[in-house]
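Visitor: Please take a close look at one loop for me, starting with a buried acidic side chain. Then show how the rest of the fold is packed.

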Amino acid sequence: MDKTKLEEAASLIKEAKNCMAFTGAGVSVESGIPPFRGENSLWERYDPVILDLKYFQQYPEESWPVIREIFYDFYGKAQPNKAHQVLARMEQEGLLTCVVTQNIDNLHQVAGSKVVHEFHGNLHYLVCMDCGFRQSAPEVDLSVLPLLCKHCRGLVKPDFIFFGEQIPEKAYADSLTAARKADVCLVMGSTGEVMPAAMIPREAHRHGAAMIEINPELSHFTGDITHIHLRGKAGELMSLLEPLIFAE
């Protein structure tokens, strides 16, 4: 890794008045969570129709067991990695205003981040599709499926975005506001393919933010809006940045 690039990135972060982070699936890969797309992805092993909203509503008895296997039996064992931990420390020490994340795994919060705008929701919660009752997934018995609401007997789904659903209005609005205020945007583990999430870094760039990208490969951001590309895994590079960012 080019030490000059690392030092330049650290300097931008330290001098920023309003630094935000935008994270994608690549950040959680180092915690053992496979991405949805690409090599070794979930959709190579499972049919994505299970997360189609209409299919889920019509065939919940088929969708729910697969959802439980992927997101609660497997994802539930994942722990934050160094990337999550350093971002949380940056927020705690006043160097980061927020994280906008495409990820649904709750690992930013587990690591200690407080201001997290979840563009695609959070698997840690379940929501009734009829009455809107929301509850914590760890408190629910997932052995009897499909899940039905204890209040109205409506169908319960994980509180993250399925195919055919709209982005949560508050998360969308808060993410755009953060992007427009940022003078530095740290993009980590996102290919920039998934819309409308990929609009958020572009909005930050449009409003003058310096763009620091951490990705092992070139992305849709790299040749377009990125100012500094730190090429490598998020956790490894955040480990290298950490002593530079927090140096006295």
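Guide: A polar contact is a pair of N or O atoms within 3.5 Å; within protein, one must be able to donate a hydrogen and the other to accept it, and residues adjacent in sequence count only if both atoms are side-chain atoms. This is a predicted model: local features need pLDDT of at least 70 and side-chain atom pairs 80 or more, while totals for chains, interfaces and linings use all residues. Residues are numbered from 1 along each chain as its sequence is written, and side-chain values use heavy atoms, without hydrogens or water.

Start at Asp105. Its place is the loop between β2 (98-101) and α7 (107-111). Helices (H or I, at least four residues) and strands (E, at least two) are DSSP runs, numbered from the N terminus. Asp105 counts as buried at 10% relative accessibility. Here buried is under 20% relative accessible area, exposed over 50%, partly exposed in between (1.4 Å probe, protein chains only). The Asp105 side chain makes a polar contact of 2.5 Å with the side chain of Ser28. The same side chain reaches the backbone nitrogen of Leu107 at 3.0 Å.

Asn106 sits in that β2 to α7 loop too. Its phi is near 70 degrees, a positive value in a residue other than glycine. Asn106 also counts as buried, at 14% relative accessibility. Most residues other than glycine have a negative phi, and most peptide bonds are trans.

Now the other backbone exceptions. Arg153 is not a glycine, yet has a positive phi of about 65 degrees. Arg153 is exposed, with a relative accessible area of 57%. Look for Arg153 in the loop between β5 (134-136) and β6. Pro146 lies in the loop between β5 and β6 as well. A cis peptide bond joins Leu145 to Pro146, with omega about 0 degrees. Met195 and Pro196 are also joined by a cis bond, with omega about 5 degrees. Pro196 belongs to the loop between β7 and α9.

Gly192 has its place between β7 (184-188) and α9 (199-206). Gly192 is buried, at 9% relative accessible area. Beyond its neighbours within four places in sequence, Gly192 is in contact (heavy atoms within 4.5 Å) with Ala198, His220 and Phe221. The C-alpha atoms of Gly192 and Val99 are 16 Å apart, with their positions 93 residues apart along the chain.

Next, the rings. The whole structure holds eight aromatic pairs. Rings of Phe, Tyr and Trp (its six-membered ring) pair if their centres lie within 6.5 Å; planes under 30 degrees apart are stacked, over 60 edge-to-face, the rest tilted. Phe22 and Phe221 have centres 6.5 Å apart and planes at 90 degrees, so this pair is edge-to-face. Phe22 lies in strand β1 (19-23) and Phe221 in the loop between β8 (210-215) and β9 (228-231), so the pair ties together parts 199 residues apart in sequence. Phe22 and Phe221 are buried. Phe56 and Phe162 are edge-to-face too, at 5.2 Å and 75 degrees. This pair links helix α4 (53-58), home of Phe56, to Phe162 in the loop between β6 (156-160) and α8 (169-181), 106 residues away. Phe56 and Phe162 are buried. They form one aromatic cluster with Trp64, Phe71, Tyr72 and Phe160.

Finish at helix α10 (234-245). Ala234, Gly235, Leu237, Met238, Leu241, Glu242 and Ile245 are buried there. Their cover includes α1 (3-15), α2 (25-29), α6 (82-92), β7, β8 and β9.
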